[in-house]
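Subject: Structure for you to look over

Dear colleague,

I am passing on the structure we spoke about, together with some notes on what turned up in it. Please open it first and keep it beside you while you read the rest.

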Amino acid sequence: MQATAYTYDPETRSGSVLLDDGTPVEFGAEAFDAGGLLLLRPGQRVRIETEGRGDALRITLVTLQTF
């Protein structure tokens, strides 16, 4: 799934993304670390992996979108 980076805190390595429908979804340091990223800037296009649905949706991986 693709999304757009919305917020990122380098101290906690957590933040949020906006799904293509505009829904914000938060991610924790575990998801950020799983993607191997060092930095994330708001507006960057990212690829995410999730589990769960609706209110239980959880991001398990955040990485940069590559073509």
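What follows goes from the whole chain to the strand pairs and then to two threonines.

Please bear in mind throughout that this is a predicted model. The protein has 1 helix and 5 strands, and these elements succeed one another along the sequence in the order β-β-β-α-β-β. With a radius of gyration of 11 Å, close to the 11 Å that the globule rule gives for 67 residues, the protein is as compact as a globular protein of that length. Along the principal axes, its C-alpha atoms fill a box of roughly 30 × 25 × 20 Å.

As for the surface, 31% of the 67 residues count as buried, while the protein exposes about 4400 Å², of which carbon and sulfur atoms supply 50%. The chain carries 6 positive and 10 negative charges, and the mean positions of these two sets are 6 Å apart. Among the contacts that join residues at least 6 apart in sequence, 42% are between residues at least 24 apart.

Turning to the strands, I will take the pairs in sequence order. Strand β1 (residues 2-9) pairs with strand β2 (residues 14-19) in the antiparallel sense over 6 bridges, and within this pair Thr-7 stands opposite Ser-16 of β2. The hairpin made by β1 and β2 has 4 residues between the strands, and Arg-13 takes a positive phi there, near 55 degrees.

Strand β2 also pairs with strand β3 (residues 24-27), again in the antiparallel sense, over 4 bridges, with Val-17 standing opposite Val-25 of β3. In this hairpin, which has 4 residues between the strands, the positive phi belongs to Gly-22 and lies near 90 degrees.

The remaining pair that I looked at joins strand β4 (residues 45-51) to strand β5 (residues 58-64), in the antiparallel sense and over 6 bridges. Here Glu-51 has Arg-58 of β5 as its bridge partner, and the hairpin of β4 and β5 has 6 residues between the strands, with Gly-52 in the turn at a positive phi of about 85 degrees.

Two threonines may repay a closer look. Thr-4 is placed in strand β1, and its relative accessible area of 25% makes it partly exposed, since that class begins at 20% and buried means a value under 20%. Leaving aside residues up to four places away in sequence, Thr-4 touches Val-17, Leu-18, Gly-43, Gln-44, Arg-45 and Val-46. One of these, Gly-43, is 39 residues from Thr-4 in sequence, yet the two C-alpha atoms are 5.7 Å apart in space.

Is Thr-63, by the same cut-off, buried or exposed? Thr-63 lies in strand β5, and with a relative accessible area of 16% this residue is buried, because the value falls under 20%. Its contacts, again without residues up to four places away in sequence, are Gly-35, Leu-37, Val-46 and Arg-47. Val-46 thus appears in both lists, being touched by Thr-4 and by Thr-63.

With best regards

Methods:
Residues are numbered from 1 along each chain as its sequence is written. This is a predicted model: local features need pLDDT of at least 70, side-chain atom pairs count only at pLDDT 80 or more; totals for chains, interfaces and linings use all residues. Side-chain values use heavy atoms; hydrogens and water are left out. The radius of gyration is taken over C-alpha atoms; the globule rule is 2.2 Å times the number of residues to the power 0.38. Buried means under 20% relative accessible area, exposed over 50%, partly exposed in between (1.4 Å probe, protein chains only). Contact means heavy atoms within 4.5 Å. Accessible areas come from the Shrake-Rupley method with a 1.4 Å probe; for residues, only the protein chains shown count as cover. Lys and Arg count as positive and Asp and Glu as negative; His and the chain ends are not counted. The place of a charge is taken as NZ of Lys, CZ of Arg, CG of Asp or CD of Glu. Two strands pair if DSSP finds at least two bridges between them.
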